[in-house]
Amino acid sequence: LSRAVLAKSNLSNANLSNADLSSADLSGASLENANLNRCNLNGANLSGIKLTSANLSNVDLTSATVASATFVGVDLTGAKLPKALANVNLAQVNLAGRDLSGMDLSNAALSYADLSACNLSGVNLQGTKLESADLRNADLTRATAAKASFVKADLTGVKLCRAALTTTDFSSANLSNTDLSAVDLSNAVLTNANLSGAKLNGASLRKAKLTGANLSNADLTDATVANATFVGADLTGTKLPRNLTSASL
């Protein structure tokens, strides 16, 4: 099947394990629940392909084109991923412990994905949807996540040193005991977020929305909070910055 033209074909539930689909055109095809274990997809065109719940274990996708592809619930155990997964739907995938450093995941969908203990350092997450994702103990050092959505995501123990988090949505996210010191969170949405015990010393919270957030025992020493909103926030035991001018409490 090398170089085969299978664009828009319906191959759902097909068993293609160990098949040679190198340089094949599978754009817009449906391979939902298909078995592609150890399939050769080198140079294949997977643009717009639907792979929901498919088995892509041990597949090499490094040279495949995956623009706007759907990988919802796909088994990617041992799979080699391309460096660019922008605009790809990866909801519910398990990538726990994987090295995804430096990848382009901008505008991708990773809702309910397991990214725990992942190396996401230097990753482009601009506009990425990570609602309810598991990011416990992940490394997001130097990650760019402007306008990304981490609504209800679990970020406990995550590393965010030098990450760009302006205009990022952390509504109802779990950031308890997270080190956010010197991180730029200006214009971020942290409504109802759990920031108990978080280190926010030296962080920029300019115009950040922290309405209803749990900041108990958090450290905001030397944080910049100009025009930030703390209405209804739990500030029990919180170390506040000296300058609260223009902050809404």
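A search of the whole structure, which is a predicted model, turns up one cavity of 30 Å³ or more. Here a cavity is a set of points on a 1 Å grid over the protein atoms alone where a 1.4 Å probe fits but cannot get out. Its volume, the space filled by probe spheres set on the points, is about 30 Å³. Lining residues, those with an atom within 4 Å of a point, are L21, L26, L31, L36, L41, L46, I49 and L51. By class, that makes eight nonpolar, no polar and no charged residues; Leu and Ile count as nonpolar.

Now to the core. Buried Ala, Val, Leu, Ile, Met, Phe, Trp, Tyr and Cys residues joined through side-chain atoms within 4.5 Å form a nonpolar core, where buried means under 20% relative accessible area with a 1.4 Å probe, protein chains only. The largest such core has 86 residues, and L56, F71, L76, L135, L140 and F150 have the most contacts inside it. Leaving aside residues up to four places away in sequence, L76 touches L56, F71, L81, L90, V93, L95 and R98, a contact being heavy atoms within 4.5 Å.

Two lysines have a positive phi, although neither is a glycine. For their labels, exposed is over 50% relative accessible area and partly exposed lies between 20% and 50%.

| Residue | Phi | Relative accessible area |
|---|---|---|
| K152 | about 65 degrees | 57%, exposed |
| K207 | near 60 degrees | 48%, partly exposed |

Residues are numbered from 1 along each chain as its sequence is written. Local features need pLDDT of at least 70, side-chain atom pairs count only at pLDDT 80 or more, totals for chains, interfaces and linings use all residues, and side-chain values use heavy atoms, with hydrogens and water left out.

Conventions
1 Å grid on protein atoms, 1.4 Å probe; cavity = no way out; pocket = protein on both sides within 12 Å on 5 of 7 lines; lining within 4 Å.
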